[in-house]
Amino acid sequence: MASWDEFELQAPALAALCFQRFKSTDLLMLGTLRKDGFPRISPIEWVIYEGELALGGIWQAKKALDLLRDPRCTIHSTTSNKDGKQGDAKLWGRATPLAEHRIEGYWQWVFEQTGWRANGPAHIFTIDIEAAAYVAFTSDGTMKLLLWPGDGQWIVTMHG
């Protein structure tokens, strides 16, 4: 597992692509496991805080309760069209609640960046990244896939 900083060191090209896609909307889709075992997908806000991918959410939101019960999750860039040319970034990992002693620093940093601070309790998780992928399609039907862990080489196939 890797923090965001470690992911950037181990797979700089892939991390840069993921960051670019995530930043394009500043919103991610978070996949969690509900109490009954079914998957849940929810939008969530994110930042890179002290070298870690951090997700913030409303206190007691179902997605946060899912992560407290089972930290396994997937994170996906938001997709706005079906052609795949913008690329999709995906991470798989485990969520850990932000340590209590780091919460005030986190909120101060968020306020300095955005001018916003939560008025009450909120859930903040950091993500330990286990795997990542980026996939994109070109106009000629070529699919390009970059994986981590992996050798840092694009896997290119013809599609359709």
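A salt bridge here is a side-chain nitrogen of Lys or Arg within 4 Å of a carboxyl oxygen of Asp or Glu. Arg-102 and Glu-52 make one of these, with their closest N and O atoms 2.6 Å apart. Keep in mind as you look around that this is a predicted model.

## Salt bridges

Start with that pair. Arg-102 sits in helix H4 (residues 100–114) and Glu-52 in strand E3 (residues 52–58), so the contact ties together parts that are 50 residues apart in sequence. What about exposure? Arg-102 is buried, with a relative accessible area of 17%, and Glu-52 counts as buried too, at 14%. Both get that label because buried means under 20% relative accessible area.

Counted by the rule above, the model has 9 salt bridges. Three of them, with their distances, are set out here.

| Pair | Closest N to O distance |
|---|---|
| Arg-102 and Glu-52 | 2.6 Å |
| Asp-66 and Arg-40 | 2.6 Å |
| Asp-26 and Lys-23 | 3.2 Å |

Asp-66 and Arg-40 also link distant parts of the chain: Asp-66 belongs to helix H3 (residues 62–69) and Arg-40 to strand E2 (residues 39–49), 26 residues apart. Asp-66 is buried, at a relative accessible area of 2%, whereas Arg-40 is partly exposed at 23%. This pair has company, too: salt bridges that share partners join Arg-40, Asp-66 and Arg-69 into one network.

Asp-26 and Lys-23 are the remaining pair in the table. Asp-26 is partly exposed, with a relative accessible area of 35%, and Lys-23 is partly exposed as well, at 44%.

## Helix H2 and its two faces

Lys-23 brings us to helix H2, which covers residues 12–25. H2 has 14 residues and runs 21 Å from its first C-alpha to its last, close to the 20 Å expected at 1.5 Å a residue.

Which residues of H2 are buried? They are Leu-14, Ala-15, Leu-17, Cys-18, Arg-21 and Phe-22. Look down the axis of the helix and these buried residues fall within an arc of 160°, so they line one face of H2. On the face turned away from that buried side you'll find the exposed residues Pro-12, Ala-13 and Gln-20.

Just after the helix comes Asp-26 again, this time for its backbone: its phi is positive, at about 55°.

## Two pockets

Now for the empty space. The largest pocket has a volume of about 560 Å³. It is lined by 23 residues, and the closest to its centre are Glu-45, Trp-46, Val-47, Tyr-106 and Val-110. Helix H2, E2, E3, H4 and strand E6 (122–137) each give two or more residues to this lining. By class, the lining of the largest pocket is made up of 14 nonpolar, 5 polar and 4 charged residues.

The second largest pocket holds about 160 Å³ of space. Among the residues lining this pocket are Trp-59, Leu-68, Trp-107 and His-123. H4 and E6 each supply at least two residues of its lining, and E6 gives the most, with 3 residues. How many charged residues line the second largest pocket? There are no charged ones, and the lining divides into 9 nonpolar and 2 polar residues.

## Backbone oddities

Most residues other than glycine have a negative phi, and most peptide bonds are trans. With that in mind, a few spots in this model are worth a look.

Glu-50 has a positive phi, near 50°, and it isn't a glycine. You'll find Glu-50 in the loop between E2 and E3, where it is exposed, with a relative accessible area of 55%.

Gln-60 also has a positive phi, about 65°, without being a glycine. Its place is the loop between E3 and H3, and Gln-60 is partly exposed, with a relative accessible area of 40%.

Where is the cis peptide bond that involves Pro-149? It runs from Trp-148 to Pro-149, with omega near 0°. Pro-149 itself lies in the loop between strand E7 (142–148) and strand E8 (155–158).

How values were computed:
Residues are numbered from 1 along each chain as its sequence is written. This is a predicted model: local features need pLDDT of at least 70, side-chain atom pairs count only at pLDDT 80 or more; totals for chains, interfaces and linings use all residues. Side-chain values use heavy atoms; hydrogens and water are left out. Buried means under 20% relative accessible area, exposed over 50%, partly exposed in between (1.4 Å probe, protein chains only). Helices (H or I, at least four residues) and strands (E, at least two) are DSSP runs, numbered from the N terminus. On a 1 Å grid over the protein atoms alone, a cavity is a set of points where a 1.4 Å probe fits but cannot get out, and a pocket is an open set with protein on both sides within 12 Å along at least five of seven lines; lining residues have an atom within 4 Å of a point. Grid points are joined across faces, edges and corners, and a volume is the space filled by probe spheres set on the points. Ala, Val, Leu, Ile, Met, Phe, Trp, Tyr, Cys and Pro count as nonpolar, Asp, Glu, Lys and Arg as charged, and the others, Gly among them, as polar. The expected span of a helix is 1.5 Å times one less than its number of residues. The arc is that of the directions from the helix axis to the C-beta atoms.
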